[in-house]
Amino acid sequence: EEKETLKWTDNGLIIWQDVLPEGETAAALEEYARDGGVVLFFPASEPGQIEIDGRKIGWGVVDNAPKDSEVGFEINKWEVQGGPLADTDQGLSLPLLQLETRRRQRIAGEGIALASFTDGEPFLVRRGVGEGQILFCATLPHEDWSNLTEGLVLLPMVQRLLAVGAVRYGKAQLLTSGDDTLADTETRWVSVGSTDTRTFATEAGVFRKPDGRMVAVNRPSGESDARRLDFEKL
């Protein structure tokens with residue numbers, strides 16, 4: 001299917017491994033990110049840049065690690081407190097120190113480096129775009145490029161980015177009952193797995209839209225607040 005005809009909003013995450021988009025495709029991709037979507041770019045081996053919010057970002061030259069290097073380009077710094085490379089809930093780090101990068105494409109342009117190689121070149125760069133974000137990863141999950149193919153870094157990274165994009169886009173969404181922004185859309189959603197009549201905007205449950213998208217509506221966290229009020233406040 002041609003990229004120009006893709007319906008971006010069917011996906012919480014778009015992974016792009018091709019020559020950087022231009023024209024209407026680039027504009028559509030930027031608008032998708034601006035509305036809350038996540039775009040992850042992988043090298044296409046060709047240099048090039050796209051303009052986002054009037055600032056360019058893209059690909060520079062391709063570097064090959066020295067042939068006598070056993071591990072290639074090594075990563076020694078990354079963001080552990082949050083983002084796609086953060087430590088797990090159990091406090092364990094992703095095995096970025098064991099990542100072997102034999103080939104990389106330099107990331108050129110403005111953005112926040114979430115991880116960097118020992119020579120200071122970024123491994124993963126993020127730029128916020130409206131309510132969403134775009135990211136550039138300097139190497140490919142291909143045996144000629146790196147051992148990202150093993151999935152120990154790639155899988156959690158992609159899962160986390162998908163979870164971010166799915167908040168706004170994708171087949172599944174998580175919302176909170178009582179949100180004023182839900183009032184105008186409740187008639188388009190049907191309760192799933194319940195014979196009781198449920199109101200999308202104000203009741204918790206799982207609902208389905210006619211196009212197949214699903215949403216989990218949860219109770220507001222404040223309803224679980226166990227603090228007691230004194231008589232005067234009551």
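# Exercises on a predicted model: two sheets and a glycine

The protein averages a pLDDT of 84, and 83% of the residues score at least 70, where pLDDT is the predictor's confidence in each residue, from 0 to 100. Over residues 1-5 the pLDDT is below 50, and beyond near neighbours in sequence this stretch has six contacts in the model, a contact meaning heavy atoms within 4.5 Å. Because the model is predicted, local features need pLDDT of at least 70 and side-chain atom pairs count only at pLDDT 80 or more, whereas totals for chains, interfaces and linings use all residues. Residues are numbered from 1 along each chain as its sequence is written, and side-chain values use heavy atoms, with hydrogens and water left out.

## Exercise 1

Describe the open sheet of three strands, from its order to its twist.

**Solution.** Begin with the order, which is β3-β4-β6 with antiparallel pairing; strands (E, at least two residues) and helices (H or I, at least four) are DSSP runs, numbered from the N terminus, and two strands pair if DSSP finds at least two bridges between them. Next, consider the edges: β3 (48-52) and β6 each have a single partner strand, so one side of each is left without a neighbour in the sheet. The twist averages 25 degrees from one strand to the next, with axes fitted as lines to C-alpha atoms (for helices over the stretch in contact) and angles running from 0 to 180 degrees between N-to-C directions. Finally, look at the pairing of β4 (residues 55-64) with β6, which is antiparallel over six bridges, and find Val62 opposite Gln105 in β6.

## Exercise 2

Place Gly109 in its strand and determine whether Gly109 counts as buried, partly exposed or exposed.

**Solution.** Gly109 lies in strand β6, which covers residues 103-109. Its relative accessibility is 49%, and therefore Gly109 counts as partly exposed, the class between buried (under 20% relative accessible area) and exposed (over 50%), with a 1.4 Å probe and protein chains only. Leaving aside residues up to four places away in sequence, Gly109 touches Gln49, Lys56, Ile57 and Arg127. The C-alpha atom of Gly109 is separated by 9.5 Å from that of Val125, 16 residues apart along the chain.

## Exercise 3

Trace the open sheet of six strands and locate helix α2 against its strands.

**Solution.** The order is β1-β2-β9-β8-β7-β5, with mixed pairing. At the edges stand β1 (13-16) and β5 (75-78), each pairing on one side only, and the twist averages 15 degrees from one strand to the next. Within this sheet, β2 (residues 38-41) and β9 (residues 132-137) run parallel and are joined by four bridges, with Val39 opposite Ile134 in β9. Helix α2 (residues 154-166) lies across β1, β2, β8 (122-129) and β9, and runs at about 150 degrees to β2.
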